[in-house]
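User: I should like to learn how to read several features of a protein model, one at a time. Please give the general idea where there is one, and then the case at hand.

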Amino acid sequence: MPSQSRLSTLYYRRKIVATDNTDLSGDTVRYAFMPHTNPRTVPTTGDFHAASYAGANVWQILIGPGTGGLVLTASAYPATFDVWEWVSDANEAPAEPVDVLELT
């Protein structure tokens with residue numbers, strides 16, 4: 001589980017590889033960071049934020065209070081967030097939980 005200070009602004013990066021090795025660099029990738037709950041909170045389309053392609057099948061989104069960062073807030077820290085990934089291409093658009101991020 002990746003972890004970062006709530007005071008830091010860092011890229012959350014994730015490598016995505018298609019099962020058939022299709023080039024995904026032209027696809028749209030979005031991430032949603034939902035407070036970790038049981039049962040899991042499912043995001044709506046408005047919860048997703050655009051990621052940018054960093055190369056080598058890696059997408060990134062800036063997390064934190066700095067300029068351009070997506071600020072994640074919680075009522076207490078450390079806090080955990082379920083990371084949901086939504087990949088859109090010409091035929092499919094899977095949205096699924098892929099990771100957990102901890103803010104300290």
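User: Is Asn57 buried, partly exposed or exposed in this model, and why?

Analyst: The model is a predicted one. Asn57 counts as partly exposed because its relative accessibility is 23%, and the buried class ends at 20%. Asn57 is located in the loop between β5 and β6.

User: What is the sign of phi at Asn57?

Analyst: Phi of Asn57 is positive, near 65 degrees, in a residue other than glycine. Ala56, in the loop between β5 and β6, also has a positive phi, near 55 degrees. Ala56 belongs to the hairpin of β5 and β6, which has two residues between the strands. With a relative accessible area of 58%, Ala56 is exposed, because the exposed class begins over 50%.

User: How should one read the pairing of the strands, and how many bridges join β5 to β6?

Analyst: Strands of a sheet pair through backbone hydrogen bonds, and the pairing may be parallel or antiparallel. Here β5 and β6 run antiparallel and are joined by three bridges. Within this pair, Ser52 has Gln60 as its bridge partner in β6.

User: Which way do β2 and β6 run, parallel or antiparallel?

Analyst: Strand β2 (residues 10–15) and β6 run antiparallel, with six bridges between them. Arg14 stands opposite Trp59 of β6.

User: How many residues of β6 are buried?

Analyst: Six of the six residues of β6 are buried, so the strand is mostly covered, buried being under 20% relative accessible area. Val58, Gln60 and Leu62 point one way from β6, while Trp59, Ile61 and Ile63 point the other way. Both sets are buried.

User: Why does Gln60 count as buried, and what does its side chain contact?

Analyst: Gln60 lies in strand β6, which spans residues 58–63. Gln60 counts as buried because its relative accessibility is 11%. The side chain of Gln60 makes a polar contact with the side chain of Arg13, at 2.9 Å. Leaving aside residues up to four places away in sequence, Gln60 touches Tyr11, Tyr12, Arg13, Ala51, Ser52 and Ala54.

User: In what order do the strands of the open sheet lie?

Analyst: The open sheet has five strands, in the order β1-β8-β7-β3-β4, and its pairing is mixed. Its edge strands are β1 (3–4) and β4 (49–50), each of which pairs on one side only. On the β1 side, two bridges join β1 to strand β8 (residues 95–103), and these strands run parallel. Ser3 stands opposite Glu102 in β8.

User: Which residues does the cis peptide bond with omega of about 5 degrees join?

Analyst: That cis peptide bond joins Asn38 and Pro39. Pro39 is placed in the loop between β3 (28–35) and β4, and Asn38 lies in the loop between β3 and β4. Asn38 is exposed, since its relative accessible area is 79%. From Asn38 to Pro94 the C-alpha separation is 22 Å in space, with their positions 56 residues apart in sequence.

User: What is omega for the cis peptide bond of Tyr77 and Pro78?

Analyst: Omega is about 0 degrees for the cis peptide bond that joins Tyr77 and Pro78. Pro78 is found in the loop between β6 and β7 (79–88).

User: Where is Ala76, and how far apart are the C-alpha atoms of Ala76 and Ala18?

Analyst: Ala76 is found in the loop between β6 and β7. Ala76 counts as partly exposed because its relative accessibility is 48%. The C-alpha atoms of Ala76 and Ala18 are separated by 37 Å, the two residues being 58 residues apart along the chain.

User: How is a pocket read, and how much space lies in the largest pocket?

Analyst: Rolling a probe the size of a water molecule over the atoms shows where empty space is left. In this model, the largest pocket holds about 370 Å³ of space. It is lined by 15 residues, and those closest to its centre are Ala18, Leu24, Asp89, Glu92 and Pro94.

User: Which classes of residue make up the lining of the largest pocket?

Analyst: The lining of the largest pocket consists of six nonpolar, two polar and seven charged residues.

Methods: Residues are numbered from 1 along each chain as its sequence is written. This is a predicted model: local features need pLDDT of at least 70, side-chain atom pairs count only at pLDDT 80 or more; totals for chains, interfaces and linings use all residues. Side-chain values use heavy atoms; hydrogens and water are left out. On a 1 Å grid over the protein atoms alone, a cavity is a set of points where a 1.4 Å probe fits but cannot get out, and a pocket is an open set with protein on both sides within 12 Å along at least five of seven lines; lining residues have an atom within 4 Å of a point. Grid points are joined across faces, edges and corners, and a volume is the space filled by probe spheres set on the points. Ala, Val, Leu, Ile, Met, Phe, Trp, Tyr, Cys and Pro count as nonpolar, Asp, Glu, Lys and Arg as charged, and the others, Gly among them, as polar. Helices (H or I, at least four residues) and strands (E, at least two) are DSSP runs, numbered from the N terminus. Buried means under 20% relative accessible area, exposed over 50%, partly exposed in between (1.4 Å probe, protein chains only). A polar contact is a pair of N or O atoms within 3.5 Å; within protein, one must be able to donate a hydrogen and the other to accept it, and residues adjacent in sequence count only if both atoms are side-chain atoms. Contact means heavy atoms within 4.5 Å. Two strands pair if DSSP finds at least two bridges between them.
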